[in-house]
Amino acid sequence: MKFQGLRDVGDPVELGAAYSDAGADELVFLDIKATLGDRPTLIELVRRVAERLAIPFTVGGGVRSADDAERLLQAGADKVGVNSAALARPELITELAERLGSQAVVVAIDAERGRVRSHAGTVSANRDATAWAREAEQRGAGEILLTSIDADGTREGYDLELTAAVAGAVRVPVIASGGAGNASHVADALGIAQAALLASILHENPQRLASLREEVRELGVPVR
Amino acid sequence: MNVAICGYGAGNVRSVEIAFRRLDVEITADVGSADLAVLPGVGSARAAMEGLRERGHDLALRERFDEGRPIFGICLGLQLALDWTEEDGGVDGLGLVPGRSTRLQEGRVPRMGWADVDERGAFYFAHSYAAETPHATAWSEGVVAEARFGSFLGCQFHPEKSGVLGATYLEEALSLSRV
């Protein structure tokens with residue numbers, strides 16, 4: 001709920017496989033405590049999850065260098081997410097894009113009331129979300145993963161205003177994140193962003209993803 | 001049945017390896033003698049071509065092609081098989097397939113996500129450049145999704161990240177090399 005009181009929801013490998021089986025388009029793993037604890041991302045976990053997947057797999061959390069990112073890709077990730085490290089050193093985005101290709105670089109932006117926050121939302125980055133998204137794109141980001149801290153965990157819908165502002169400011173794909181509670185929320189988000197990320201509403205019941213996808217389809221949104 | 005994946009030193013070829021291993025195929029390092037040589041699709045053109053040359057894969061692939069032996073290119077792998085790509089300021093490709101690769105002009109770039117390929121269903125794409133070639137055999141939203149020429153088959157999407165349909169596509173690619 002709003003980046004506090006995070007819950008442990010089970011074995012990531014089994015969850016990842018369950019989502020893949022339930023028809024997820026992509027899987028995203030964000031080890032959001034990695035920056036806080038200064039821990040490197042769990043390479044072995046990535047390897048085990050990748051073995052079970054046939055869909056794109058994005059991994060982030062504590063990535064601070066192109067070497068960190070390369071290790072994740074070699075373990076089986078297809079894309080790497082960066083957040084706090086990119087805010088601290090925006091040149092990192094370009095380094096990743098040059099080494100891996102922009103299509104492997106996802107810049108994750110957490111925003112509260114339109115302002116960027118870093119370190120799992122605990123630190124103000126003193127920047128406007130839309131301006132930072134533009135800069136990230138210019139520096140080589142292939143996608144923007146935009147999480148609304150205001151909406152996150154509320155299950156009351158994505159932050160459409162924030163998402164529209166960022167989606168309108170960049171030419172790269174935008175992934176909306178934070179606030180999904182039902183299929184109509186997802187459908188609304190997909191009208192503005194190119195992808196919608198779901199987390200808490202699924203982790204208790206991964207199989208719910210299949211019925212949710214069908215509901216979104218029935219709302220007229222093209223879903224694979 | 002063995003498959004060689006032509007690494008060029010960057011990015012994730014593990015997804016491709018995992019996908020082929022699931023199809024009961026042995027992975028070999030010998031590009032020249034493998035039943036099928038795969039040109040994977042990660043990184044960017046200039047670094048990839050340099051990586052291929054450093055490893056002698058460019059010559060091995062040219063030899064395979066001249067002998068009519070199967071080569072399968074994925075994403076960047078399709079683009080590198082062409083004569084030239086606009087990426088990285090302009091890079092000469094392997095020149096196996098007549099054509100060139102140019103930057104996408106419309107829509108969101110990079111073009112990321114699942115999209116239908118003709119009537120075959122949806123596959124996963126992640127690219128900023130696309131092929132222009134008279135040897136295109138499938139399209140996705142107006143973009144070349146597949147090309148065939150001689151013993152080369154290339155796809156713009158990532159079959160190793162396209163779930164069940166992708167796995168089926170890889171099986172079809174393998175069956176071509178059993179001929």
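**Notes on a predicted two-chain model**

1. D66(B) is exposed, because 11 other C-beta atoms lie within 10 Å, and a residue counts as exposed when that number is 12 or fewer. This residue belongs to helix α3 of chain B, which covers residues 57–66. Although D66(B) and G150(B) are 84 residues apart in sequence, their C-alpha atoms are 8.8 Å apart in space. Please keep in mind, here and below, that the model is predicted.

2. Turning to chain A as a whole, its secondary structure comes to eleven helices and nine strands. The radius of gyration of this chain is 16 Å, close to the 17 Å that the globule rule gives for 224 residues, so chain A is as compact as a globular protein of that length. Measured out along the principal axes, or rather computed along them, the C-alpha trace of chain A spans about 45 × 35 × 30 Å.

3. The interior of chain A can be described in two ways. Of its 224 residues, 50% are buried, and, among the contacts between residues at least 6 apart in sequence, 63% join residues at least 24 apart.

4. Helix α6 of chain A, residues 91–100, is a useful one to look at in detail, and its buried residues are L92(A), I93(A), L96(A), R99(A) and L100(A). They cover an arc of only 140° around the axis, which puts them on the same side of α6(A). A general point helps in reading this pattern: an α-helix has 3.6 residues a turn, so residues three or four places apart point the same way.

5. What, then, covers the buried residues of α6(A)? The cover includes the helices α4 (66–75), α5 (84–88) and α7 (129–139), together with the strands β3 (79–82) and β4 (105–112), of chain A. After the helix comes G101(A), whose phi is positive, near 95°.

6. In chain B, helix α1 spans residues 14–22, and its buried residues are R14(B), S15(B), V16(B), A19(B) and F20(B). Just after this helix, D24(B) takes a positive phi of about 65°.

7. Finally, where the two chains meet, 26 residues of chain B are in contact with 25 residues of chain A. On the side of chain B that touches chain A, at least two residues each are supplied by α1, β8 (111–116), β9 (122–127) and α5 (163–176) of chain B. Sorted by class, that side of chain B has twelve nonpolar, ten polar and four charged residues.

Notes: Residues are numbered from 1 along each chain as its sequence is written. Chains are lettered from A and ligands numbered from 1 in the order in which they are written. This is a predicted model: local features need pLDDT of at least 70, side-chain atom pairs count only at pLDDT 80 or more; totals for chains, interfaces and linings use all residues. A residue is buried if 20 or more other C-beta atoms lie within 10 Å of its own, exposed if 12 or fewer, and partly exposed in between; C-beta atoms are placed from the backbone. Helices (H or I, at least four residues) and strands (E, at least two) are DSSP runs, numbered from the N terminus. The arc is that of the directions from the helix axis to the C-beta atoms. Two residues are in contact if their C-beta atoms, placed from the backbone, lie within 7 Å. The radius of gyration is taken over C-alpha atoms; the globule rule is 2.2 Å times the number of residues to the power 0.38. Ala, Val, Leu, Ile, Met, Phe, Trp, Tyr, Cys and Pro count as nonpolar, Asp, Glu, Lys and Arg as charged, and the others, Gly among them, as polar.
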